[in-house]
Amino acid sequence: MGKNREFSRRDFLKFGAVGAAGAAAAGLAGCSPAKGASEPAQGSAAVEAGGTVNSSDAVLALTDAMPKWSFMIPPEPIADDQIAETVENDIIVVGGGMAGFTTAVSAAESGAKVTLFSAASAPISRGGSNYSKNSKVMKELGIEPFDPVPFYYNEMRAASFAIDQRKWMRGYNESEVAMDWLIDIAHESGLEVIMERDNTFDHGPNYAHAFSTLGNSAMVSTGQQGAVEALEAKAKEYGVEIIYDTKAEQLIREDDNKGRVTGVIASKMSDGSYVKFVAKQAVVLATGDFSSNKEMLAAYCPMVLPLVGYEQGEIDYNTSFNLTGIYGGDGQKMGLWVGAAWQHAYPNAPMMQGAWGGSHEPCGFHMGLNVNMNTERYQREDISAPYSSNHLLSQPQHIAFGIWTANYPQAILDKGHEWYTFGMDYTLPPLTPDELVAMWDAGAEDGSYYKADTLDDLAQQLGLDAQKLKDVVARYNELCDKGVDEDFYKNPDFLVKIDEAGPFYAAQNYAMFMTVMGGLRTSVDMEVCDENDKPIPGLFNVGAMVGDMYANTYNFAIPGNSYGINCLTFGYLLGRDLAAGKFS
C-alpha cells in the first residue's frame, strides 16, 4: 500500500478521534484513497466556474495531511518584547478553583515557593460533594467504608473499562489522608463538614463529604465555595503569591516543543498586557473544563451539543454555575499546542443530570411512570438521573414527564426505600409522605410541579394526548397489579399504581448539561503526557481536566468523585510530591 493511503496513529490523535461526528461537523461524507499533492482526489468536491462547489460526491481522503480543528492550531508565539512583566517562582499554578488551590496549599505547606494566578477575580467553585473512602467525620458518625471490590468493578464496567485504573486506585487509597487534611482546614475556617445523602440503589455509598456554615445544613451539596475560600486563606497564610484577573495564553516549552515546560505567558484582564510566569520547577494546569468551547465539544463530546446551543459568547471566569457551559478549555488547548496528547477515552464523559422531580433518590430519576412528548412510556425508570439524561437525549424535545399520585411515597417506603432529596444531610431523617405531598402541593403553586384532578386536565397541562395518556396509565396499572413489568422489567419495588381517583402529580424531567470531564493525557502522578504516554517535563494538570478518569457518562454513583479525587486527592498528592522534588 502506498504511503498516501496510510493514516497514521499520530494523525488520528491530532485529528481528535472525532469519527463520524467529526466528519459530519467538517462537512465530510465518506472516504477514498488520496492522490498525489498535485493531483486532485478522484470524486472529491470540485470548484466549478463562478466559485460554485459541486459537492454531490464529496469525499474525505485519509492521508498523512489530515485537517485539524482550529483549536489544535497554535497561535503565533508572544514575543519577548511584548512582555510587560515577569514573575518567577518554583511552582506556577494556573487556576484558582478547588484543584489549583489544593495543589498550591499542599506544596506551600511542605516548603515550596508557589505562585497561583487565575482568570477569575476571586477563588471560584461550584457544587459541593466530595468523595473519600473514609475520614475522621465518617468515623465520628460510625459510617463504615464501602467495599471497593464489587463497586469499583461495577463502575469500571459502566465506563467500558476505558478509564485509567491506576489513577482510580491511587485516588481511592490516598483519599482518606487528603480528606482529613481538608477537614482540618475547613474546621479552622469555621466550616462544618457534613455527610451528604446520595443514591442507595446504584450499588454505591450513600454519602459524600460536603461543607456548610456552622448550624446550616440546608443544601449542603452547594457549599464548595466555602471550601475553596478556606483554601485561599490557608494559601495566604503559607505565603502563596495569588494573582487574579490574569488569563493564561501560552505555555513556554524549550527546544522547539521538545524540551521542558518552563513557564506560562498570560494576559491581564484589565488592559491586555502580557505577564510571563517563569517556573523553576513546574507548571500546574488547573483551568477546568472545555464545556463552553463548541468546537472542542464537537470533537470530543458531540452528544451534548443539543443541550448547549451554538452561540459562542464570552467566557465568564467568575461564574459559579451555568447549564450551557462553563470554561473554554484554555489549559487543554495550551497543552495540545506544546505536544500534549488527548486522553485515550473517547468520547469525553459529560456530567449530565436528568431532572429528578418526584424521585426518592438525591440523584435518581423518578422511578414511577414516565412518558415522553409522544405520550409513550420509553424506558425502565429505575436508573440514576445522569443515565436517564442519555435516554432523554433520544426523546422528542429531550423531555419526559414523571407522573404519580399521593399513594406513591408510602408505597416506596413500604418496599424499604427511604426518601431523600438532593442536598440532604446524612444525619437528617428521611422525608415522610405528608411532607412530600405538602412539598408537591407547594410546587404546584409555584410552577415547579404539575397537579390535576383528572388525567384529561393533566394531559392538557403537559401538552400530551389525553386518550394515549389514559391508555398508558391503564397499561402501567395492569403491570403493577401483576407485579411484573412485562414491558421493561423494572424492579417490582417501583411498580406503584397510579390512583385513578387522583389528584395527579407530574414533574418535567429534562437533560441538563453541567460540565465535561477530562482532557489531556495524564499519568498517575498528574504529569501531562505526549502521544507515546511519555511525560512532558515540567508540565502537570489536576482537576476536571485530568484525562482518562471517566468514560461514557459521569454518573454520580461515587458522589463527589471529581472533587474528592481529581481535585482534592490528586491536588494534595501533587503538591506534596512537587515540594519533595519527586520530578527533579
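**Entry 1: Asn-566**

I looked up the burial of Asn-566 and recorded a relative accessible area of 0%, so Asn-566 is buried (buried means under 20% relative accessible area, exposed over 50%, partly exposed in between, with a 1.4 Å probe and protein chains only). I worked on a predicted model, in which local features need pLDDT of at least 70 and side-chain atom pairs count only at pLDDT 80 or more, while totals for chains, interfaces and linings use all residues. Residues are numbered from 1 along each chain as its sequence is written, and side-chain values use heavy atoms, with hydrogens and water left out.

I placed Asn-566 in helix H17, residues 561-579 (helices, H or I with at least four residues, and strands, E with at least two, are DSSP runs numbered from the N terminus). I then listed the contacts of Asn-566, leaving aside neighbours within four places in sequence: Val-542, Gly-543, Ala-544, Val-546, Met-549, Tyr-550, Asn-561 and Gly-571 (contact means heavy atoms within 4.5 Å).

**Entry 2: Thr-103**

Thr-103 is in helix H3, residues 98-109. I noted 1% relative accessibility, which means that Thr-103 counts as buried. With residues up to four places away in sequence not counted, Thr-103 touches Val-284, Val-542, Gly-571, Leu-574 and Gly-575. Val-542 and Gly-571 also appear among the contacts of Asn-566. I checked the pair Thr-103 and Leu-568: the two residues are 465 residues apart in sequence, and their C-alpha atoms are 8.1 Å apart in space.

**Entry 3: nonpolar cores**

I next asked which members of the largest nonpolar core touch the most other members. Of its 73 residues, these are Ile-91, Val-114, Tyr-152, Trp-181, Leu-231 and Val-284 (a nonpolar core is a set of buried Ala, Val, Leu, Ile, Met, Phe, Trp, Tyr and Cys residues joined through side-chain atoms within 4.5 Å). Apart from this core lies another, of 48 residues, and I found Val-283, Tyr-300, Leu-305 and Leu-307 among them. For context, nonpolar side chains tend to be buried together in soluble globular proteins.

I followed Val-284 further. Its contacts, leaving aside neighbours within four places in sequence, are Ile-91, Ile-92, Val-93, Val-94, Thr-103, Phe-540, Val-542, Leu-574 and Leu-578.

**Entry 4: Leu-539 and Met-526**

Leu-539 is in strand S19, which spans residues 535-541. I recorded Leu-539 as buried, with a relative accessible area of 0%. Not counting residues up to four places away in sequence, Leu-539 touches Leu-251, Val-261, Val-283, Leu-285, Val-338, Met-526, Glu-527 and Val-528. The C-alpha atoms of Leu-539 and Arg-253 are separated by 9.4 Å, with the two positions 286 residues apart along the chain.

Met-526, one of the contacts of Leu-539, has a positive phi of about 70 degrees although it is not a glycine. I located Met-526 in the loop between S17 and strand S18 (527-529), where its relative accessible area of 1% makes it buried.

**Entry 5: other backbone angles**

Asp-548 is not a glycine, yet I read a positive phi of about 65 degrees for it. Asp-548 sits in the loop between strand S19 and H17 and is buried, at a relative accessible area of 5%. I also found a cis peptide bond joining Tyr-346 and Pro-347, with omega about -5 degrees. Pro-347 is in the loop between helix H11 (330-337) and strand S13 (350-354). A cis peptide bond likewise joins Gly-502 and Pro-503, with omega about -5 degrees. Pro-503 is in the loop between helix H16 (466-482) and strand S17 (504-516). I set these readings against the general pattern: most residues other than glycine have a negative phi, and most peptide bonds are trans.

**Entry 6: cysteines**

I searched the whole structure for disulfides and obtained 0 (a disulfide is a pair of cysteine sulfur atoms within 2.5 Å). Cys-529 counts as buried at 4% relative accessibility, and Cys-567 is buried with a relative accessible area of 6%.

**Entry 7: Leu-428**

I asked whether Leu-428 is buried or partly exposed. Leu-428 is partly exposed, with a relative accessible area of 35%. Leu-428 lies in the loop between helix H13 (408-414) and helix H14 (433-446). The C-alpha atoms of Leu-428 and Glu-196 are separated by 9.6 Å, the residues being 232 apart along the chain.
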